[in-house]
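Here are a few short exercises to work through with the structure open in your viewer. Try each task yourself before you read the solution.

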Amino acid sequence: MRVSGFLLWSPTLLILLALFLRCEADVNTEIQPGPLYRVLGSRLSISCSTSGFPNEDSDKDFQFYMASPARPTHFLNIISTADPDFGYARFLQRIAADDISLTRVDPNSVIFEIKNLRKEDEGEYECSAVKPRSILNGVFSVKAVVKVIDNSLSVTSGESATSLSYNEGEALTLTCQASTNTIQHVHLSFIWYLRKDGTKEAKPIISLDKDFTLTPGQGFEQRYREEAIRLDKLGEAEYRLQMTKLELSDQGQIYCQAQEWIQDPDRSWYMIAEKDAEEITLTVKPKGEVGAVSGQACMAATWITIFAVAVLILL
C-alpha cells in the first residue's frame, strides 16, 4: 500500500507552520502604565520592555516619542538606542546636557528618564521596539500619559527660634506640620534628621513612612524602645517629636523633612516631592558644666555678700 508523500509531510508542515505563527504572535511590548503624575522640576522615569523576539539575548533597539496635549496626534522623535541623531532639535540639546536619557537595562528593556521635568514635557509618550523585517505581527509600540503638576508641598516647624540650648538629661519637644494642594490621592511621610557637629551627613532620628510605620534611625533604636524618643500625631499632618532625655551626642542641627507620595496605576508608590523645614541648632550642655557654673555662681554670690557686710561694718 502506497502512502502519499503529502500525507507523510503534512504533520511536519503543520508543526512548522504553527511554530511560525506562534513566533509571529508572541512579540509583545509593554510600558509603565499611566497616567503618571510628576512634579515640575522632578525626575521622570518610564520603563519599557519587549518579549517574544526569536533571539532574547540580542539587544533590541527602542525609540521614544511624545505628543503634547495641544497636538495629541503629532508625535515628535525624542531619543533612540540606535540613532544618536534621532531626536528633534529641542530634545537633542537636553540629551547632550544629560537631562534626557535612554538607558538599556538588559537586552529586552530600557529606562527613559528626564531629570528635570518642564511643563512642556506633559503629554503622551510612546515607546517603540524597532521591528525587524523577519517579524510581521505583534505589539511593537505602546503609550503612556504623563501629567506635570506644580509642587505644592510645604513644611514648617512649630519652633520660631533657630537655636535652642538644653542641659544634658532635659527633654526636647519639637513639632512639624506639612500641607499639600495636590488634588490626586497622596500620602505624606515625615523624617526628623540630626546633623551632628563636625559631620556633613544628616542621619534620621525617627521616621513615619507613607504606610504610617514608625522606624527609629540607626543609633536611636534603644532609646525608641525605652520610649525616650517618640513621634506623636497632633493633627491631620502635624507631628510632635519628643526626646525625653537629651544626650551630648544629640547636639547639632535638627530639622524635619516631609515627603509626598503618589500611587501609580501599577500600584507602586512614587515620591513626587520632598521639602525640609528650617534647621534648628541644638546645643546640649554637659551635666558637669552645669554644676560648675552653678558652683561658680554660688561662690561669687558668697564673696559679694561678705564684701557687702564688711562695707557696712566699716561704715
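This is a predicted model, so treat it that way as you go.

**Exercise 1. Find the handedness of the link between cysteine 176 and cysteine 256, then work out which parts of the chain the pair ties together.**

Step 1: Start with the torsion. About the S-S bond it is -70°, and the link of cysteine 176 and cysteine 256 is left-handed.

Step 2: Check the distance. The two sulfur atoms sit 2.0 Å apart, and the cut-off for a disulfide is within 2.5 Å, so the pair counts as one.

Step 3: Place the residues. Cysteine 176 is part of strand β12 (residues 172-179) and cysteine 256 is part of strand β18 (residues 252-263), so the disulfide ties together parts 80 residues apart in sequence.

Step 4: Look at the surroundings. Cysteine 176 and cysteine 256 are both buried.

**Exercise 2. Do the same for cysteine 48 and cysteine 127: are these two buried or exposed?**

Step 1: Get the distance. Cysteine 48 and cysteine 127 form a disulfide with their sulfur atoms 2.0 Å apart.

Step 2: Locate the ends. Cysteine 48 is in strand β3 and cysteine 127 in strand β8 (residues 123-129); the pair links distant parts of the chain, 79 residues apart.

Step 3: Read the torsion. About the S-S bond of cysteine 48 and cysteine 127 it is about -90°, so this disulfide is left-handed.

Step 4: Apply the burial cut-off, under 20% relative accessible area. Cysteine 48 comes in at 1%, so it is buried. Cysteine 127 has 0%, so it is buried too.

**Exercise 3. How many disulfides are there, and what is the pairing of the bonded cysteines in sequence order?**

Step 1: Count them. The total is 2 disulfides.

Step 2: Number the bonded cysteines of the protein in sequence order. The pairing reads 1-2, 3-4.

**Exercise 4. What is the strand order of the open sheet of 4 strands, and which are its edge strands?**

Step 1: Write down the order. The strands of this open sheet run β1-β3-β7-β6, with antiparallel pairing.

Step 2: Pick out the edges. They are β1 (28-31) and β6 (100-106), each of which pairs on one side only.

Step 3: Add the twist, which averages 20° from one strand to the next.

Step 4: Zoom in on one pair. Strand β3 (residues 44-51) and strand β7 (residues 109-114) run antiparallel and are joined by 6 bridges. For one residue, leucine 44, the bridge partner in β7 is isoleucine 114.

Definitions and conventions. Residues are numbered from 1 along each chain as its sequence is written. This is a predicted model: local features need pLDDT of at least 70, side-chain atom pairs count only at pLDDT 80 or more; totals for chains, interfaces and linings use all residues. Side-chain values use heavy atoms; hydrogens and water are left out. Two strands pair if DSSP finds at least two bridges between them. Helices (H or I, at least four residues) and strands (E, at least two) are DSSP runs, numbered from the N terminus. Axes are lines fitted to C-alpha atoms, for helices over the stretch in contact, and angles run from 0 to 180 degrees between N-to-C directions. Buried means under 20% relative accessible area, exposed over 50%, partly exposed in between (1.4 Å probe, protein chains only).
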